[in-house]
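Q: Please take a close look at a single part of this structure and explain, step by step, what can be said about that part.

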Amino acid sequence: MNVIRAIAEGVSEADTTSLITKTDLAELKADLYKQLWIMAAGIVGLTVTLIKVLP
């Protein structure tokens with residue numbers, strides 16, 4: 001019984017403020033995905049521009 005009580009007290013005292021939730025993780029992944037697409041478009045645009053400018 002003491003072990004169960006100790007576990008319950010430990011869980012109730014645990015600091016959960018730094019834990020990431022599934023919603024936060026999904027938003028982070030969406031932002032990262034968007035940023036990667038923007039970077040890819042920039043790289044393709046720069047490559048095409050340099051190919052046309054430099055014969």
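**A close look at helix α2**

A: Both Y33 and W37 are exposed, and these two residues offer a convenient entry to helix α2 in this predicted model. The structure holds one aromatic pair. Its members are Y33 and W37, whose ring centres lie 6.2 Å apart with planes at 80 degrees, so the pair is classed as edge-to-face. The reasoning rests on a cut-off: planes over 60 degrees apart count as edge-to-face. Along the sequence, Y33 and W37 are four residues apart in helix α2 and are therefore separated by about one helical turn. In general, an α-helix has 3.6 residues a turn, so residues three or four places apart point the same way.

The helix as a whole may be considered next. Helix α2 comprises residues 22–53. At 1.5 Å a residue, its 32 residues should span 46 Å, and the C-alpha atoms at its ends are indeed 46 Å apart, so expectation and model agree. Helix α2 is hardly covered, for the count of buried residues among its 32 residues is zero. The protein chain gives a matching figure: of its 55 residues, 0% count as buried. The chain exposes about 5400 Å², of which carbon and sulfur atoms supply 70%.

One stretch of nonpolar surface deserves attention. L46, L50, V53 and L54 make a nonpolar surface patch of about 400 Å². Of these residues, L46 lies in helix α2. L46 has a relative accessibility of 52% and therefore counts as exposed, since the cut-off for that class is over 50%.

The approach to the helix completes the picture. The secondary structure of the protein chain consists of two helices and zero strands. Between α1 (2–13) and α2 runs a loop, in which T21 lies. With 42% relative accessibility, T21 counts as partly exposed, because that class falls between the limits of 20% and 50%. The side chain of T21 is joined to that of D24 by a polar contact of 3.1 Å.

Terms used: Residues are numbered from 1 along each chain as its sequence is written. Side-chain values use heavy atoms; hydrogens and water are left out. Patches are made of residues with over 30% relative accessible area and no salt bridge: like charges are joined within 9 Å, nonpolar side chains (Val, Leu, Ile, Met, Phe, Trp, Tyr) within 5 Å. Accessible areas come from the Shrake-Rupley method with a 1.4 Å probe; for residues, only the protein chains shown count as cover. A salt bridge is a side-chain nitrogen of Lys or Arg within 4 Å of a carboxyl oxygen of Asp or Glu. Buried means under 20% relative accessible area, exposed over 50%, partly exposed in between (1.4 Å probe, protein chains only). Rings of Phe, Tyr and Trp (its six-membered ring) pair if their centres lie within 6.5 Å; planes under 30 degrees apart count as stacked, over 60 as edge-to-face and the rest as tilted. The expected span of a helix is 1.5 Å times one less than its number of residues. A polar contact is a pair of N or O atoms within 3.5 Å; within protein, one must be able to donate a hydrogen and the other to accept it, and residues adjacent in sequence count only if both atoms are side-chain atoms.
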